[in-house]
Amino acid sequence: MTMPSEMKALLLIGDGYARTPTASVLEAMEPYLRPGRIAVPTPGPTQVLIKVGLASINPSDVMFVKGQYGQPRVKGQPAGFEGVGTVVASGDEAYPKSLIGKRVAFATGVSNWGSWAEYALAEAAACIPLLDTVRDEDGAAMIVNPLTALAMFDIVREEGEKAFIMTAGASQLSKLIIGLAREVGFRPIVTVRRNDQIASLKELGAAHVLNEKASDFKAVLREVIKAEQPRIFLDAVTGPLASTIFDAMPRRARWVIYGRLDPEPTIILEPGQMIFQHKHIEGFWLSEWMRQFRDRRGPAILEAQQRFSDGRWSTDVTAIVPIAEAMARIPAELAKPNGKVFLRP
């Protein structure tokens, strides 16, 4: 295959980390990204070059382009952590070579050559050859949300309590976890910001759906927690909402933070609970989980593909935006509820 020397991409304007935290909403593209052309990268010995079919846009991508993720930006490089495409070139080692011609889900990781481009660079070990029964939309969102869902539901299972709490209940990740919970009789308690999200999440399998904006939210929350006694709290939001939930939870509660959608300060309302009620707080980062639990990675990948293939899981799609329209359209598409936005190079 003859490779072009240059490609279109959405390139980072910032470098490193931002000094001042901002909201997780991508209010505009221009402060953080610019359209441009860049040389097509050459894969190293353990890497592959992928012709991108679809690239996913996750909350972690938004935090990254704004300089608030756990990985520094590299000015002038493409953004984007995840996508699906066909391997068109590889490094010299045997495994990368074996992927040439295959359709893969991939994570760009630390390569600094993101998926928001016509071609992306990835470590071969971070690529998943896909079953023919997996749609491109599901393949492009195969790694970040599905593997996080399986990993965090492992935490819920290990605790042994049937009830657990999640913020950002209408997110794609929460929907995947709700599906897992329903199959084994667990009882998710989720928070949302809109009444029109309640019915669909209950139909999906949520035991309780609480509108955090309702005037009686705190009272209803305490009633539900008293009845259900959840001890695992999976939190993508932090801020005052998470503080309120954790304060209401019973003894031995575990607050697992995997995102920070709310930039407001997160206050521990009663620190004595950490001492006398044995509550504790921890973080979850998929990259670290994949390093620590290598033996779980393979089965989790297979399970995710099987779930997408047989219809137990499906990625809700808000929009697929051509790269030529990305600067104008992506912020507005991301502001719409209940689905994922993809970029098509």
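The largest nonpolar core in this predicted model has 48 residues, and those that touch the most other members are M142, F164, I177 and L234. Helix 4, residues 144-159, gives the most to this core, with 8 residues. A separate core of 33 residues lies apart from it, and its members include V65, F81, W116 and A326. In soluble globular proteins, nonpolar side chains tend to be buried together.

F164 can be followed further. Leaving aside neighbours within four places in sequence, F164 is in contact with F153, V156, I177, A181, F186, R187, P188, I189, P230, I232 and L234. Two of these contacts, I177 and L234, are also among the residues of the largest core that touch the most other members.

**Helix pairs**

Two packed helices are described by the angle between their axes and the distance between the axes. The table lists two such pairs.

| Helix pair | Angle between axes | Distance between axes |
|---|---|---|
| Helix 4 (144-159) and helix 11 (294-310) | roughly 115 degrees | within 9 Å |
| Helix 7 (217-228) and helix 8 (239-248) | about 35 degrees | 10 Å |

Helix 4 passes helix 11 in a right-handed crossing. On the side of helix 4, the contact is made by P146, L147, L150 and D154, while helix 11 supplies R296, A300, I301, E303, A304 and F308. Sorted by class, the residues of this contact are 7 nonpolar and 3 charged, with no polar ones.

The crossing of helix 7 with helix 8 is right-handed. Helix 7 takes part through F217, K218, L221, R222 and I225, and helix 8 through L241, T244, I245, D247 and A248. This contact has 6 nonpolar residues, 1 polar residue and 3 charged residues.

**Strands**

T191 is found in strand 9, which covers residues 187-192. Is T191 buried or exposed? T191 has a relative accessible area of 2%, so it counts as buried. Not counting residues up to four places away in sequence, T191 touches M166, T167, A168, G169, L210, E212, F217, L241 and I245. Of these, F217 belongs to the helix 7 side of the contact between helices 7 and 8, and L241 and I245 belong to the helix 8 side.

Strand 6, residues 119-123, is mostly covered, with 4 of its 5 residues buried. Which way do strand 3 and strand 6 run relative to each other? Strand 3, residues 47-57, is antiparallel to strand 6, and 5 bridges join the two. One bridge pairs V48 with A122 of strand 6. In a regular strand the side chains alternate between the two faces of the sheet.

**Loop residues with positive phi**

Most residues other than glycine have a negative phi. Two loop residues in this model have a positive value instead.

Q229 has a phi near 55 degrees. Its place is the loop between helix 7 and strand 11, residues 232-235. Q229 has a relative accessible area of 30%, so it is partly exposed.

H278 has a phi near 60 degrees. The loop that holds H278 runs between helix 9, residues 272-276, and strand 13, residues 280-283. H278 counts as partly exposed because its relative accessibility is 47%.

Definitions and conventions. Residues are numbered from 1 along each chain as its sequence is written. This is a predicted model: local features need pLDDT of at least 70, side-chain atom pairs count only at pLDDT 80 or more; totals for chains, interfaces and linings use all residues. Side-chain values use heavy atoms; hydrogens and water are left out. Buried means under 20% relative accessible area, exposed over 50%, partly exposed in between (1.4 Å probe, protein chains only). Two strands pair if DSSP finds at least two bridges between them. Axes are lines fitted to C-alpha atoms, for helices over the stretch in contact, and angles run from 0 to 180 degrees between N-to-C directions. A crossing is left-handed if the near helix is turned anticlockwise from the far one by less than a right angle, and right-handed if clockwise. Contact means heavy atoms within 4.5 Å. Ala, Val, Leu, Ile, Met, Phe, Trp, Tyr, Cys and Pro count as nonpolar, Asp, Glu, Lys and Arg as charged, and the others, Gly among them, as polar. A nonpolar core is a set of buried Ala, Val, Leu, Ile, Met, Phe, Trp, Tyr and Cys residues joined through side-chain atoms within 4.5 Å.
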